[in-house]
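Q: I'd like a close look at a single part of this one, please. Take me through it slowly, then show me what sits around it.

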Amino acid sequence: MKKQYNHNIDTNISITYVVANKKITFVAALGVTIGISIFIFMNSLGSGFVKKSNKTIFNNTPHIRVYKDDEISKSIIMEKDSNSLVLISNPTVIPKSERILNPDKIVNLLRIQPEVTFVTPEIAVKVFYNSGMAQVSGDASGVEIADANKMFNIKPSMIQGKMEDLETHSNGILLGVGIASKINAKTGDNISITSSKNITKVMKVVGIFKTNSSIVDKTKSYIGINAAQQLLGENANYVTNIDVNVQDFNKAANYSTKFSALTGYKAEDWKAANSDQLNGFKMRGIIIFAMSLSILLVAGFGTYNILNMTITHRINDIAILKAMGFQGWDVIKIFVLQGTLIGLMGIAMGLLIGSVMVYFASKIYMGPDQGYFPIVLDYTVFINASLFGLIISFFASYLPARKAANVDPVSILRK
């Protein structure tokens with residue numbers, strides 16, 4: 001009963017200190033509020049960048065790409081006897097066809113895998129886009145446009161013409177807006193494209209698309225798979241890539257090993273294909289998290305200083321409590337609970353203000369190139385903010401509370 005009684009007294013004293021010092025409580029809670037709201041805003045911005053970056057990557061890259069990798073010649077060592085010279089040939093890349101043998105069989109084999117959601121063949125062609133005196137180098141993707149749209153979501157990026165017209169025009173082409181601008185082409189124009197095999201074909205521009213990647217827009221185009229085979233002088237079974245999407249793109253690296261063993265060809269996941277870009281995104285995320293956590297720590301130091309001042313001003317009260325029989329642990333509980341209550345108030349206000357900031361920022365239109373401001377409400381950010389806020393508030397109150405617990409009531413009351 002005595003323990004329960006002391007517990008109730010400790011709680012009442014803590015609440016009394018919080019309510020009686022409204023100005024100090026407000027200032028301390030405000031510091032936590034600012035730290036939490038900025039933490040939420042910055043990390044939501046980081047999540048938005050990741051989401052937008054992944055969307056940009058998947059507009060041009062499948063989760064897994066199956067293709068024939070380059071082969072390296074082996075070193076040749078020939079020894080006739082112990083006194084003869086050793087002949088070594090340096091390893092070099094063996095130029096062979098990029099053709100995937102029996103592509104239909106491999107496509108069907110991949111489609112029956114439980115983790116696979118979509119599979120489509122593709123032909124990659126290095127080309128020059130020609131219009132009058134203008135010439136631009138780039139990459140043409142030979143695809144079945146309906147399948148490619150399911151994988152790369154092409155239709156929403158169309159700014160001129162119709163994507164579906166590529167199915168009805170055997171010599172049609174969809175140009176990236178950057179290419180169209182450089183060669184001054186528009187929907188309905190005829191242009192010629194020359195492949196790496198020096199085969200030229202006249203194509204009709206049936207549409208122009210625009211992604212969020214300037215590199216893609218300046219180099220990429222889509223043509224029919226038959227047109228791609230003609231540009232390379234190959235037959236109807238010629239395929240260079242097989243694009244695969246899986247249920248969980250974060251596990252693509254695990255599946256790629258399996259698909260490589262299954263097909264006998266190299267299977268490259270999207271993270272490996274975009275490693276340099278993803279490393280940049282990762283570094284940016286670390287910087288954003290470190291900055292936001294630093295601001296939260298500064299808010300914690302503010303709470304520490306305020307509670308330290310409170311303990312200094314209430315040193316006589318602490319001495320009286322200890323003289324009445326309160327133990328050091330009771331004093332610690334009083335001020336830790338006070339700091340925790342202040343932290344909870346600051347966290348609650350910070351979550352609300354942070355949510356409002358993120359909501360209004362997400363409604364800011366950045367223009368046709370960027371769309372809306374890249375920020376998203378992510379519940380994990382709110383959970384992390386609350387946990388970090390509670391931990392920092394606890395330690396910000398525990399450290400000065402330990403000082404109060406060691407107060408000698410006799411020496412204080414003598415003064």
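How do the residues of the lining of the largest pocket divide into nonpolar, polar and charged?

A: One thing up front: this is a predicted model. The lining of the largest pocket splits into eleven nonpolar, 13 polar and 13 charged residues.

As for the pocket itself, its volume comes to about 1100 Å³. There are 37 lining residues, and those closest to the pocket's centre are Arg65, Ala124, Lys126, Asp139 and Asn241. Helix H2 (22-58), strand E1 (64-67), strand E6 (116-131), strand E7 (134-143) and helix H7 (214-219) are the elements that each give two or more residues to that lining.

Two of those central residues deserve a zoom. Lys126 and Asp139 join their side chains in a salt bridge, with 2.9 Å from N to O. Lys126 belongs to strand E6 and Asp139 to strand E7, and the two are 13 residues apart. Their accessibility is worth a glance too: Lys126 is exposed at a relative accessible area of 54%, while Asp139 is partly exposed at 29%. The cut-off for exposed is over 50%, so Lys126 at 54% makes it into that class.

Now for the other salt bridges. The whole structure has seven of them, and Arg99, Lys197 and Glu234 are linked in a network. Glu234 takes part in both of the contacts described next. With Arg99, the side chain of Glu234 forms a salt bridge of 2.9 Å, N to O. Glu234 sits in the loop between helix H8 (225-231) and strand E13 (241-246), and Arg99 in the loop between strand E5 (93-94) and H3, so this pair ties together parts that are 135 residues apart in sequence. With Lys197, Glu234 forms a salt bridge of 3.8 Å, N to O. Lys197 is in the loop between strand E10 (190-195) and strand E11 (200-209), so here the parts tied together are 37 residues apart in sequence. Glu234 counts as partly exposed, at 25% relative accessibility, and Lys197 is partly exposed as well, at 46%.

Helix H3 (residues 103-111) also holds Ile106. Ile106 is buried, with a relative accessible area of 7%; the cut-off for buried is under 20%, so Ile106 fits that class. There is a long-range pairing here as well: the C-alpha atoms of Ile106 and Gly264 are 9.6 Å apart, although 158 residues separate the two along the chain.

If you want an enclosed space to set beside the pocket, the structure holds one cavity of 30 Å³ or more. About 40 Å³ of space lies in this cavity, and its lining is made up of Val32, Leu296, Ala299, Gly300, Thr303, Gly389, Ile392 and Ser393. Helix H11 (275-313) and helix H14 (379-405) are the elements that give two or more residues to that lining, and H11 has the largest share, with four. By type, the cavity lining has four nonpolar residues, four polar and no charged.

Last stop, the outside. Met345, Met349, Leu352, Ile353, Val356, Met357, Tyr359 and Phe360 make a nonpolar surface patch of about 730 Å². One of these, Leu352, is found in helix H13 (residues 328-362). Leu352 is exposed, at a relative accessible area of 58%.

Conventions. Residues numbered from 1 in each chain as written. Predicted model: local features only at pLDDT ≥ 70, side-chain atom pairs only at ≥ 80, totals over all residues. Heavy atoms only, no water. 1 Å grid on protein atoms, 1.4 Å probe; cavity = no way out; pocket = protein on both sides within 12 Å on 5 of 7 lines; lining within 4 Å. Points joined across faces, edges and corners; volume = space filled by probe spheres on them. Nonpolar A, V, L, I, M, F, W, Y, C, P; charged D, E, K, R; others polar. Patch = residues over 30% accessible without salt bridge, like charges linked within 9 Å, V, L, I, M, F, W, Y side chains within 5 Å. Areas by Shrake-Rupley, 256 points an atom, 1.4 Å probe, with all protein chains shown as cover. Salt bridge = Lys/Arg side-chain N within 4 Å of Asp/Glu carboxyl O. Buried < 20%, exposed > 50% of the residue type's maximum accessible area, 1.4 Å probe, protein only.
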